[in-house]
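The following note sets out points for a colleague who is examining the coordinates. Each point may be checked against the structure shown here.

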Amino acid sequence: MQIYPIFMPKIEDVTIIIVAYKSTHIIKDCLDGIVGSGAKIIVIDNGSGDNIRELLQQNYPDSGIELMFLEYNCGFGKANNAALEKIDTEFAFLLNPDAKTTAESIANLIKISDANKDVAIATALDTKDLNPSKKTIKISIDRQKSEFEHYAENDDFLEMNFVSGGYMLLKMEVFRKIGFFDNNIFLYGEDDELCSRSLANGYKNILVKSSFVNHISYQATKTVGVIDEYRLLFFRNWHMGWSKTYLKRKNKNYLKVFAKALMRFTSTPAYFIKYDKKTAITKTAIAMGSMSNLIGIDCFNDKNRVAKVKEVVRI
């Protein structure tokens, strides 16, 4: 077990950044565990046009939460970068609005990261329970091991190639040198790219065994009705296809990537015969996003290519 110095960074040394897009239905659960912890909190509204200001004012008056309104939805990476570029704390903790954690878990991430100077990124165990039993912790750790071929382990953490961007602690002195999220990506894959860049620069990405989170995946954005749900499903998976292809093109032969994407794209009519509706939409959207990247269609438009801050208020 690692021995830690007496003077450790505190929760006050972190800024928690939450990017929200139509997240008023779920963000309160996220904030309840961290408001009043002593950490700085920035909520970035990604052009939602909902009542997030009123929700925060009603539930967290005088909390000091900084609410930043972006004019348009510019995606996960650019919205986080808008906050990362302005903060002055030693650490930043990126937290999805559909994830819950505690001040203690964040403090444990900080403690382990600070004690290991070659660590750039740290994440928590998704235990679905913020006060898990030893059995639950072991099951969660074993599940992580089964999902990755390459990892190293000690008593405190697993060292891994990839950790999730949905609840990610960044050591800011590292990323002020090597850069934040890739501004060419709207959604999905930006955490993969950041983790790869961390490793390429000689740093480690770790999963801390004493830090816990409950992440309810794909619930961050509210939908109304089946059509809205399918529209969001297509939107997310189009960007997933676009981003995966963008990242593959960095390391693989263009013609090989194109051939595989073309095969997937030409198979889209069969998806609606072979699969249920949601699976068909998902596979079609991924194929179309991938092909869009290959033929030069950008994942941004003229409105959201730059993260334009419309207003900043203190709650």
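1. In this predicted model, helix α8 runs over residues 225-251 and holds 27 residues. The distance from its first C-alpha to its last is 40 Å, close to the 39 Å expected at 1.5 Å a residue.

2. The buried residues of α8 begin with Leu232, followed by the run Arg236, Asn237, Trp238, His239, Met240, Gly241, Trp242 and Ser243, and then by Thr245, Tyr246 and Leu247. Both Arg236 and His239 are thus on the buried list, together with Trp238 and Trp242. The partners against which these buried residues pack are α7 (190-200), α9 (254-266) and α11 (277-294).

3. Helix α4 (residues 103-115) has 13 residues. Its reach from first to last C-alpha is 18 Å, close to the 18 Å expected at 1.5 Å a residue. Ser105, Ile106, Asn108, Leu109, Ile110, Ile112, Ser113 and Asp114 are its buried residues. The cover over them includes the strands β1, β4 (91-95), β6 (119-126), β8 (157-160), β9 (167-171) and β10 (204-215).

4. Serine 113, which lies in helix α4, merits separate mention. Is serine 113 buried or exposed? Its relative accessibility is 3%, and the cut-off for burial is under 20%, so serine 113 counts as buried. Leaving aside residues up to four places away in sequence, serine 113 touches Phe91, Val119, Ala122, Leu169 and Lys171. Aspartate 129 stands 16 residues from serine 113 along the chain, and their C-alpha atoms are separated by 23 Å.

5. Isoleucine 139 belongs to helix α5 (residues 134-147). With a relative accessible area of 47%, isoleucine 139 is partly exposed. Between isoleucine 139 and asparagine 116 there are 25 Å in space, C-alpha to C-alpha, for a separation of 23 residues in sequence.

6. Two backbone angles deserve inspection. Most residues other than glycine have a negative phi. Lysine 22, however, has a phi near 55°, a positive value in a residue other than glycine. Lysine 22 sits in the loop between β1 (14-20) and α1 (27-32), and at 34% relative accessible area lysine 22 is partly exposed. Tyrosine 188, also not a glycine, has a positive phi of about 75°. The loop that holds tyrosine 188 connects α6 (172-178) and α7.

7. As to the fold as a whole, the secondary structure of the protein chain amounts to 11 helices and 11 strands. The radius of gyration is 20 Å, close to the 20 Å that the globule rule gives for 315 residues, so the chain is as compact as a globular protein of that length. Along the principal axes, the C-alpha trace spans about 60 × 45 × 40 Å.

8. Burial and contacts can be taken together. Of the 315 residues, 51% count as buried. Among contacts between residues at least 6 apart in sequence, 80% join residues at least 24 apart.

9. The last point concerns surface and charge. The accessible surface of the protein chain comes to about 15,400 Å², and carbon and sulfur atoms account for 53% of that area. The chain carries 42 positive and 38 negative charges, and the mean positions of the two sets are 6 Å apart.

Note on methods:
Residues numbered from 1 in each chain as written. Predicted model: local features only at pLDDT ≥ 70, side-chain atom pairs only at ≥ 80, totals over all residues. Heavy atoms only, no water. Helix = DSSP H or I, 4+ residues; strand = E, 2+ residues; numbered from the N terminus. Rg over C-alpha atoms; globule rule 2.2 N^0.38 Å. Buried < 20%, exposed > 50% of the residue type's maximum accessible area, 1.4 Å probe, protein only. Contact = heavy atoms within 4.5 Å. Areas by Shrake-Rupley, 256 points an atom, 1.4 Å probe, with all protein chains shown as cover. Lys, Arg positive; Asp, Glu negative; His and termini not counted. Charge placed at Lys NZ, Arg CZ, Asp CG, Glu CD. Expected span 1.5 Å × (residues − 1).
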